[in-house]
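The exercises below ask you to read a protein model step by step, with the sequence and the coordinates side by side. Try each task before turning to its solution.

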Amino acid sequence: GEVSVKGDVPKGTLFIFAKKYNGKMPMPLAVKKIANPKFPLKFELSEKDAMMKQIPFKGPFSVTARISPSGSAMDKSGVEVMTTNKIEIGQKDIKLILSK
């Protein structure tokens with residue numbers, strides 16, 4: 001997929017994560033942390049990015065991109081965007097646009 005920005009987006013650490021689509025588990029299945037990202041940024045999430053190796057990395061997913069001004073994954077004060085459609089493993093046409 002690809003993350004781009006529109007407008008004045010704060011500087012910070014970019015987190016890209018996948019959660020189960022309409023799942024009950026609040027924590028992500030996989031996450032990437034990118035300090036000082038340059039946009040547009042191409043990304044790929046796979047089982048290599050799994051948060052917990054014992055939980056299978058199986059779709060469908062929702063994918064979220066978030067800028068954290070503090071660099072903390074828990075910081076939600078930045079800008080965030082999430083896919084609305086189901087994302088399947090191997091899908092390549094994911095476009096996330098961070099805008100303020």
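For the count of charges used in the first exercise, Lys and Arg are taken as positive and Asp and Glu as negative, while His and the chain ends are not counted. The model is a predicted one.

**Exercise 1. The chain as a whole**

Task: Describe the secondary structure of the chain, its overall dimensions, and its surface and charges.

Solution. Begin with the secondary structure, which comes to zero helices and seven strands, so that the pattern read along the sequence is β-β-β-β-β-β-β. The radius of gyration is 13 Å, close to the 13 Å that the globule rule gives for 100 residues, and the chain is therefore as compact as a globular protein of that length. Along the principal axes, the C-alpha atoms fill a box of roughly 35 × 25 × 20 Å.

Next, turn to burial and contacts. Buried residues account for 39% of the 100 residues, and of the contacts between residues at least 6 apart in sequence, 61% join residues at least 24 apart.

Finally, consider the surface, where the chain exposes about 6400 Å², with carbon and sulfur atoms supplying 54% of that area. There are 18 positive and 9 negative side chains, and the centres of these two sets lie 3 Å apart.

**Exercise 2. Strand β2 and its partners**

Task: Determine which strands pair with β2, and in what sense. Is β2 largely enclosed by the rest of the structure, or left open?

Solution. First, locate strand β2 at residues 13-20; six of its eight residues are buried, so the strand is largely enclosed by the rest of the structure. Second, follow its pairing with strand β5 (residues 61-68), which is antiparallel and extends over eight bridges; within this pairing, Lys 20 stands opposite Phe 61. Third, follow the pairing of β2 with strand β3 (residues 30-34), which is also antiparallel and extends over five bridges; here Phe 15 has Lys 33 as its bridge partner.

A residue of β5 adds detail to this picture. Ser 62 lies in that strand and has a relative accessible area of 8%, so it is buried, given that the cut-off for a buried residue is under 20%. Apart from its neighbours within four places in sequence, Ser 62 is in contact with Phe 17, Ala 18, Lys 19, Lys 20, Tyr 21, Met 82 and Thr 83.

**Exercise 3. The three-stranded sheet**

Task: Work out which strands stand at the edges of the sheet that contains β4, β1 and β7.

Solution. Start from the order of the strands: the three form an open sheet arranged β4-β1-β7, with mixed pairing. In that arrangement β4 and β7 (95-99) stand at the edges, each with a single partner strand, so one side of each is left without a neighbour in the sheet. Then examine the pairing of strand β1 (residues 2-6) with β4, in which two bridges join strands that run antiparallel; Glu 2 has Lys 42 as its bridge partner in β4.

**Exercise 4. Backbone geometry and the loops**

Task: Find the cis peptide bonds that precede Pro 40 and Pro 60, and place each proline in its loop. Then ask which sign phi takes at Asn 22 and at Asn 36, and whether Asn 22, Asn 36 and Lys 53 are buried or exposed.

Solution. Most residues other than glycine have a negative phi, and most peptide bonds are trans. With that background, note that the bond joining Phe 39 and Pro 40 is cis, with omega about -5°, and that Pro 40 lies in the loop between β3 and β4. The bond from Gly 59 to Pro 60 is likewise cis, with omega near 0°, and Pro 60 is found in the loop between β4 and β5.

For the asparagines, phi of Asn 22 is positive, near 55°; this residue is in the loop between β2 and β3 and is exposed at a relative accessible area of 67%. Phi of Asn 36 is also positive, near 50°; Asn 36 lies in the loop between β3 and β4 and counts as exposed at 62% relative accessibility.

Lys 53 lies in the loop between β4 and β5 and is exposed, with a relative accessible area of 61%. Leaving aside its neighbours within four places in sequence, Lys 53 is in contact with Glu 47 and Lys 48, and its C-alpha atom is separated by 9.1 Å from that of Leu 29, 24 residues away along the chain.

Definitions and conventions. Residues numbered from 1 in each chain as written. Predicted model: local features only at pLDDT ≥ 70, side-chain atom pairs only at ≥ 80, totals over all residues. Heavy atoms only, no water. Buried < 20%, exposed > 50% of the residue type's maximum accessible area, 1.4 Å probe, protein only. Helix = DSSP H or I, 4+ residues; strand = E, 2+ residues; numbered from the N terminus. Pairing = 2+ DSSP bridges. Contact = heavy atoms within 4.5 Å. Rg over C-alpha atoms; globule rule 2.2 N^0.38 Å. Areas by Shrake-Rupley, 256 points an atom, 1.4 Å probe, with all protein chains shown as cover. Charge placed at Lys NZ, Arg CZ, Asp CG, Glu CD.
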